[in-house]
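Colleague: I am new to this structure and should be grateful for a close look at a single part of it. Please choose one helix, describe its surroundings, and then place it beside a few other features of the chain.

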Amino acid sequence: MNRAPRHHPVRRPDPGGFPASFTWGAATAAYQIEGAAAEDGRGPSVWDAFSRKPGAVFDGHTGEVACDHYHRWREDVALMRQLGLRGYRCSISWSRVLPAGTGRINAKGLAFYDRLVDGLCEAGIDPWITLFHWDHPLALYDRGGWLSPDAPKWYADYAGVVVRKLGDRVRHWITLNEPQCFIGLGHQAGIHAPGLKLSVRDCLLACFHVQLAHGLGVRAIRAAARGRVLIGPAPISTHTAPATDAPRDVAAARRRSTTITGPDLFALTWWHDPIVMGTYPEDGLKVFGKDVPAHSRRDLETMSPPLDFFGLNFYRAEIVKAGRSDEIVGVPPEAGHPQTSFYWRIQPDAFYWGLKFYHERYGLPMVVTENGLANPDWVALDGRAHDPQRIDYTARHLLALRRAIRDGVKALGYFHWSLLDNFEWGEGYRQRFGLVHVDFPSGRRTPKDSFYWYRDVIASRGGSLGPDDRPAGGA
């Protein structure tokens, strides 16, 4: 069936401090939750191959079953409806739709996403579709992957296939999730799929092809969609916060967040200045020097068609201050500073500043495409999953987001990572991010305390968060 999403009526400005049209959401990714890795014609991805390498993933875990969302999606949509989600961000498994990455369309694979989108629309939940969240088709990797000059066209053709099927109901599209990670961790550090340790030169070539793929993908989405669509990327950033609100420290933090000082493939501006502003940052060109791929004005124009929003995934932070000569000085955390089970320090004030800095730089509405806490949750003797740390963490970050909105940042939505505990890439199943606990052997879902807390936040449109007079930092 082809039903349009049920859009919520326009409301008066919300007393909670968030825009009336704000999307309260949660997010997942295909390989992390779907399972059914070899069912109904799906082709293998680089993550299927990488997970089978001895020692590549914690305890040899794989995504072959994961949360079994492929079979249990109706149960999961019912949980989303119970939670009160206004939007659900999920990704498409490229090799489920195109087993060889190009060519023949797998009708059964595409039909799965067709049913899922229908189910979301029937539940009154807007689908936000990510076209690529790391699970590159293995067949394309064997043909050169992101190093191939054909990679941008492969991606654009795939995007067109998906949007032609789903574009009558899906209005929100995300091109690529965290390219810094799937290139930096997967092609340079070798700790994510496909497990390569390439030179900086080769990684920059892959980056170049990813940027071209984004631009061609945006054009393919607009050409195939029926009606107006909103399109943006979902990068990750280590946000930088000033040690104090003194103007010198704020200026130092702004410079650090947008300056490339070393051959860092995680620098957000290297990846996203070209696709938003149509130019590579001058400091990056100097740092990378002769390793930068040859490119033309036309290439930059291809990368940078107009966008509708700028997504940000936020998990990590750094604190800086201005030195005596206004140089940028890192401020180490105090002993015992709060941190997640990933050992990432909790710093919601950096979330606030990152939103401000990138909104200033790119001039686009912001969407928090991911934000969440890794925590060692389990089902207690009373049958419930208690996660007070996740509640506190999320409250602090939502308060920081509300502060940014009140200080002029235009924000369209917030997507909690994640709806479900899932396959956490190289960490396997030992890191839990979900609002819903998943018992992986049985697949049993148990909503955590944070699930019910977030339900109340959504129902109150942020009003239940209370005032902003609580500490914004990790203390």
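Modeller: The account below starts with one helix, moves outward to its neighbours, and ends with some local features elsewhere.

This is a predicted model, in which local features need pLDDT of at least 70 and side-chain atom pairs count only at pLDDT 80 or more, while totals for chains, interfaces and linings use all residues. Residues are numbered from 1 along each chain as its sequence is written, and side-chain values use heavy atoms, with hydrogens and water left out.

The part chosen is helix α8, residues 179-188. Helices (H or I, at least four residues) and strands (E, at least two) are DSSP runs, numbered from the N terminus. Nine of the ten residues of α8 are buried, where buried means under 20% relative accessible area, exposed over 50%, and partly exposed in between (1.4 Å probe, protein chains only). The buried residues are Pro-179, Gln-180, Cys-181, Phe-182, Ile-183, Gly-184, Leu-185, Gly-186 and His-187. They pack against strands β3 (126-132), β4 (172-177) and β6 (236-242), and against helices α9 and α11 (268-277). Contact here means heavy atoms within 4.5 Å.

The packing of α8 on α11 can be described in detail. Their axes are 10 Å apart and make an angle of about 135°. Axes are lines fitted to C-alpha atoms, for helices over the stretch in contact, and angles run from 0 to 180 degrees between N-to-C directions. α8 is therefore oblique to α11; angles under 35 degrees count as roughly parallel, over 145 as roughly antiparallel, 65 to 115 as roughly perpendicular and the rest as oblique. The crossing of α8 and α11 is right-handed. A crossing is right-handed if the near helix is turned clockwise from the far one by less than a right angle, and left-handed if anticlockwise. Pro-179, Gln-180 and Ile-183 of α8 touch Leu-268, Trp-271 and His-272 of α11. By class, this contact holds four nonpolar, two polar and no charged residues. Ala, Val, Leu, Ile, Met, Phe, Trp, Tyr, Cys and Pro count as nonpolar, Asp, Glu, Lys and Arg as charged, and the others, Gly among them, as polar.

Following the chain beyond α8, one comes to Gly-190, whose phi is positive, near 75°. The loop between α8 and α9 also contains Pro-194, and the peptide bond from Ala-193 to Pro-194 is cis, with omega near 5°. Most residues other than glycine have a negative phi, and most peptide bonds are trans.

Helix α9 (residues 200-224), one of the elements on which α8 packs, also meets helix α7 (residues 151-166) at an angle of about 25°, with their axes 8 Å apart. At that angle, α7 and α9 are therefore roughly parallel. This crossing is right-handed. Residues of α7 in the contact include Tyr-155, Val-163 and Arg-164, and those of α9 include His-209, Leu-212 and Ile-221. The contact of α7 with α9 comprises twelve nonpolar, three polar and two charged residues.

Some features elsewhere complete the picture. A second cis peptide bond joins Trp-417 to Ser-418, with omega near 5°, and Ser-418 lies in the loop between β10 (411-417) and β11 (436-439). His-437 is located in strand β11 and is buried, at 6% relative accessible area. Among the residues it touches are Asp-377, Trp-378, Asp-421 and Arg-444.

Asp-59, in the loop between α2 (46-51) and α3 (69-83), has a positive phi of about 55° although it is not a glycine. Asp-59 counts as exposed, at 62% relative accessibility. Arg-461, in the segment after α16 (449-459), likewise has a positive phi of about 55° and counts as partly exposed, at 23% relative accessibility.

Finally, the structure holds 38 aromatic pairs. Rings of Phe, Tyr and Trp (its six-membered ring) pair if their centres lie within 6.5 Å; planes under 30 degrees apart count as stacked, over 60 as edge-to-face and the rest as tilted. Phe-112 and Tyr-113 are edge-to-face, at 4.9 Å centre to centre and 70° between the planes, and both residues are buried. Tyr-358 and Tyr-362 are stacked, at 6.5 Å and 10°; both lie in helix α14 (residues 348-362), four residues apart, about one turn of the helix.

Methods
Lists of a residue's contacts leave out its neighbours within four places in sequence.
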